[in-house]
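Here is a protein model to look around in, with an eye on its empty spaces and its odd spots along the backbone. Have a look first, then read on.

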Amino acid sequence: MEAFLKSALSASAAAVVAVVGIAHIPAAQAQNYPTKPVRLIVPFAAGGTTDIVARAVSDALGRQLGQPVVVENRGGGGGAIGADALAKSTADGYTIGIATVSTMATNPATNPKNPYDPLKDFAPITNLVNVPNVLTVNPKVPARNLKEFIALLRAEPGKYSYASAGKGSISHLDGELFKMTTKTDMVHVPYRGSGPALNDTLAGQVTGQFDNLPSSMPHIQAGKLRALAVAAPKRVEGLPDVPTFAEEGLKDNNNMAWYGLVAPANTPPAIINRLHDAAVKALQDPAAKRRLIESGAYPDGNTPQQFSAQIKRELELRKKIAQEQHITLE
């Protein structure tokens, strides 16, 4: 009997050790993470704001992690192709991606066939940067400021137009939100990307455009575009005479674009925390910070919980715009 009890106790102890050992495997992996290069999916083509942010941060992030962070551009579908690839990646911390207003909010809000769920398929890490948006018009437009422009639109509904990067894009929904908050009517003219939209605004083929500030800034400073308002917490350095939307009484329009880091859902929390801490330190890297600021981006570095809440707010806003303005990509 004594021998039997010893044997049973030994077996039980071994079972406990086995269970405890299994429970600690993920923690051990997280503690050693990363042991190989990390892939960073950029859901847009090279050269755009998303790509600029990713490449500005990737080197510094790699130094903090002790492994290279390799940027991989997976463009198409307004960011949906790259975002879907990330959502379907292994949740081990070795594939992460850039999340944008397009991938997390406008695509899901306007496309019923969007292949992923922005709230369930990703684990937020941190918002890297915020980028101001701007409303510009061609200098030939007889409005010197936002109040005059709104008065012009109300006096002649449907006469004036705005360009966007395409149906369902951020610039499209920003234009529709402006129409909602100002109770005005403008004709939406969609293009295949923000570049062609900007070119036709410069040429006077369309009245104006809602755009990221970095791409419009050189043309504003050259006098080829007139900036009427910016979406930012305060007036932008270099444009001291251009008010924010909030200053003009349009707080709902005072939303900046943002570019953050996410991982596939179910990535271990310890790895998320490791990536978050490394990203926050990377944003403080002098070279990375300087490159971001020069491109017109404001470094952030909020917590995973704060970034999650930010994504939810943006999605709710974009859904509201899409529903009220009947915008769908079906």
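What follows is a short tour of pockets, cavities and unusual backbone geometry.

## Before we start

This is a predicted model, so local features need pLDDT of at least 70 and side-chain atom pairs count only at pLDDT 80 or more, while totals for chains, interfaces and linings use all residues. Residues are numbered from 1 along each chain as its sequence is written, and side-chain values use heavy atoms, with hydrogens and water left out.

A few terms will help. Empty space is mapped on a 1 Å grid over the protein atoms alone: a cavity is a set of points where a 1.4 Å probe fits but cannot get out, a pocket is an open set with protein on both sides within 12 Å along at least five of seven lines, and lining residues have an atom within 4 Å of a point. Grid points are joined across faces, edges and corners, and a volume is the space filled by probe spheres set on the points. Helices (H or I, at least four residues) and strands (E, at least two) are DSSP runs, numbered from the N terminus.

## The largest pocket

Start with the largest pocket, which has a volume of about 900 Å³. Its lining takes in 41 residues, and those nearest the centre are Phe-44, Ser-102, Ala-165, Ser-169 and Ser-194. Among the elements giving two or more residues to this lining are helix H2 (49–65), helix H4 (101–110), helix H7 (194–203) and helix H8 (213–221).

By class, 13 of the lining residues are nonpolar, 24 polar and four charged. Here Ala, Val, Leu, Ile, Met, Phe, Trp, Tyr, Cys and Pro count as nonpolar, Asp, Glu, Lys and Arg as charged, and the others, Gly among them, as polar. Domain 1 (36–131 + 257–325) and domain 2 (132–253) each supply at least three residues of the lining; these bounds come from an automatic or database domain assignment.

## The second largest pocket

The second largest pocket has a volume of about 350 Å³. It is lined by 15 residues, with Val-236, Glu-237, Ile-293, Gly-296 and Tyr-298 closest to its centre. H8 turns up again here and gives the most, with three residues. This lining has nine nonpolar, two polar and four charged residues, and it too draws at least three residues from each of domain 1 and domain 2.

## Closed spaces inside

How many cavities of 30 Å³ or more does a search of the whole structure find? There are three, and the largest has a volume of about 90 Å³. Residues lining the largest cavity include Asn-133, Val-134, Leu-135, Phe-210 and Asn-255. Strand S5 (133–137) gives the most to that lining, with three residues. Sorted by class, the lining holds six nonpolar, three polar and two charged residues.

## Odd spots in the backbone

Most residues other than glycine have a negative phi, and most peptide bonds are trans. One exception is the peptide bond from Tyr-33 to Pro-34, which is cis, with omega near -5 degrees. You'll find Pro-34 in the loop between helix H1 (2–32) and strand S1 (38–42).

Two residues that are not glycines have a positive phi: Asn-266, at about 75 degrees, and His-326, at about 55 degrees. Asn-266 sits in the loop between strand S10 (257–264) and helix H9 (269–283), and His-326 comes in the segment after helix H11 (304–324). Are they buried (under 20% relative accessible area), partly exposed (in between) or exposed (over 50%)? Asn-266 is exposed, at 73% relative accessible area, and His-326 is exposed, at 70%.

Methods: Buried means under 20% relative accessible area, exposed over 50%, partly exposed in between (1.4 Å probe, protein chains only).
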